[in-house]
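Dear colleague,

Please find below the sequence and the structure that I am handing over to you. My notes on what was found follow directly after.

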Amino acid sequence: MKAILLNPGPVTLSDGVRAALQRPDLCHREPEFATLQQGLRDKLLAVYGLAGDTWAATLLTGSGTAAVEAMLISMMPAEGAMLVIENGVYGERMLAIAHAYGIPALGLSHAWAEKIDMERVHAALDENPRIAHVAVVHHETTSGRLNDLHELAATCRERGLWLLLDAVSSFGAEALDFAEWPIAACAATANKCLHGVPGTSFVIARRERLARGAKRGMYLDLSRYLAQQDAGGTPFTQSVQTFYALDAALGEFFAAGGVAARHALYAGRLGRVRGTLRRLGVAPLLPDGDCSCVLHAFELPSGTDYAALHDALKARGFVIYAGQGRLASRIFRISTMGEIGEDDLARLCAALEAFFAV
Ligand SMILES: Cc1ncc(COP(=O)(O)O)c(C=O)c1O
């Protein structure tokens, strides 16, 4: 039976993306590869309508964490510190990356799923005048919370600070205001809202800010990638087949109407799942307005064993996702990215009813 993936990436592939994996073998030192790579870089900028003289998309072979790590170590200048907002696994991971490279960083820890406390942000910035960058996860997949970047971005703009965004699970489906927010860079991946396959990730960086970044690391040094990719090359072997898949996925993305259409598609799907679960007495973790359109978390009703729920749904062809760490015993998560048909959604709702209505 074909499995429908309701985990937050990798996603269920479309036939077109799967077929793209079979395109002809290609050496990454040939001109055809340079054309493929440049086409992807242009299309990634086009997702949010960005101009190539100000912004650069840099492609990496690695998962989303590779892009986040490359962004943090390459964008931070030698001087200055970073404030890292933590309200889930991925914010905490950014702080761990900063620590691993000895980048001066202050973590602003919140309980998982809690919204960003702007009073504490202001206090931390007042107390630490060396902070010039604020790193934050846009959609914190741990809980499904879409961190509200409007106020944070306004604060950064007023104080002359730059944002470093982990947009791994929002890029392509949630609004990112590159014109108004002081974004230095954002990191994302092929295999979530863009519907490609795992193995390619990317950073969209403001060229002028990347030029000011210090040299840290070697394989993940974005400046090295940028220089070579601007010249049609690549410092290291890229995953050619995942590039093909991303190319096909981006073609489908634009044909379907881009970010706004993808947002509406996911929101419609999750609204249906959420409504079904509510009727069955299963409460969402967060209010609707706090959630991304990509993933919602739900409280496990008392007495419900996650493994039993997972296995019952898997037997009907759906793979859901557990909570992480301290939320593992409390929640389960459903994401509706990827190739999911109306009939799949109807079967999913029926499967949820069959499990919870007993
Ligand atoms: C917000 C966020 N950041 C980073 C990552 C890490 O991505 P990867 O597992 O592809 O390294 C994820 C993965 O789900 C994520 O949701």
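I begin with a small sheet, and would ask you to bear in mind throughout that the model is a predicted one. Three strands make up an open sheet, in the order 11-14-13, with antiparallel pairing. Strand 11 (295–299) and strand 13 (321–322) stand at its edges; each has a single partner strand, so one side of each is left without a neighbour in the sheet. Strand 11 is joined to strand 14 (residues 331–335) by five bridges, and the two run antiparallel. Within this sheet, Ala297 lies opposite Arg333 of strand 14.

Strands 11 and 14 also help to cover helix 10, as do helix 9 (240–255) and helix 12 (342–356). Helix 10 (residues 258–279) contains 22 residues and reaches 32 Å from its first C-alpha to its last, close to the 32 Å expected at 1.5 Å a residue. Its buried residues are Arg262, His263, Tyr266, Arg269, Leu270, Val273 and Leu277. These cover an arc of only 145° around the axis, which puts them on the same side of helix 10. The spacing fits a general rule: an α-helix has 3.6 residues a turn, so residues three or four places apart point the same way. Ala260, Gly268, Gly275 and Arg278, on the other side of helix 10, are exposed. After helix 10 comes Gly281, with a positive phi near 85°.

Helix 9 likewise agrees with its expected length: at 1.5 Å a residue its 16 residues should span 22 Å, and its end C-alpha atoms are 23 Å apart. Buried in helix 9 are Val240, Thr242, Phe243, Tyr244, Ala245, Leu246, Ala248, Ala249, Leu250 and Phe253. The partners against which the buried residues of helix 9 pack are helix 1 (15–20), helix 2 (31–47), strand 10 (200–206) and helix 10. Helix 9 is followed by Gly257, another position with a positive phi, near 115°.

Strand 10 deserves a paragraph of its own. Seven of its seven residues are buried, so strand 10 is largely enclosed by the rest of the structure. In a regular strand the side chains alternate between the two faces of the sheet. In strand 10, Thr200, Phe202, Ile204 and Arg206 point one way, while Ser201, Val203 and Ala205 point the other way, and all are buried. Strand 2 (residues 55–61) is joined to strand 10 by seven bridges and runs antiparallel to it; in that pairing Trp55 stands opposite Arg206. Strand 9 also pairs with strand 10 in the antiparallel sense, over five bridges, and there Ala188 stands opposite Phe202.

Several points of backbone geometry may merit a look in your viewer. Most residues other than glycine have a negative phi, and most peptide bonds are trans. Which residues are joined by a cis peptide bond? They are Gly9 and Pro10, with omega about 0°; Pro10 lies in the loop between strand 1 (4–5) and helix 1. Ala113 is not a glycine, yet has a positive phi of about 85°. Ala113 sits in the loop between strand 4 (105–109) and helix 5 (118–127), and it counts as buried, with 20 C-beta neighbours inside 10 Å. His195, also not a glycine, has a positive phi of about 70°. The loop that holds His195 runs between strand 9 (183–189) and strand 10, and His195 is buried, with 28 other C-beta atoms within 10 Å.

A contact between distant parts of the chain is found at Glu339, in the loop between strand 14 and helix 12. The C-alpha atoms of Glu339 and Ser14 are separated by 5.4 Å, although these residues are 325 residues apart along the chain. Leaving aside residues up to four places away in sequence, Glu339 touches Thr12, Leu13 and Ser14. Glu339 is partly exposed, with 18 other C-beta atoms within 10 Å.

Lastly, the ligand. It is surrounded by 14 residues, of which Ser63, Gly64, Thr65, Thr141 and Val168 are the closest. The largest share of this shell, three residues, comes from helix 3 (residues 64–75). By class, the shell has five nonpolar, eight polar and one charged residues.

With kind regards

Definitions and conventions
Residues numbered from 1 in each chain as written. Predicted model: local features only at pLDDT ≥ 70, side-chain atom pairs only at ≥ 80, totals over all residues. Near = placed C-beta within 6 Å. Helix = DSSP H or I, 4+ residues; strand = E, 2+ residues; numbered from the N terminus. Nonpolar A, V, L, I, M, F, W, Y, C, P; charged D, E, K, R; others polar. Pairing = 2+ DSSP bridges. Expected span 1.5 Å × (residues − 1). Buried ≥ 20, exposed ≤ 12 C-beta atoms within 10 Å, placed from the backbone. Arc of directions from axis to C-beta. Contact = placed C-beta atoms within 7 Å.
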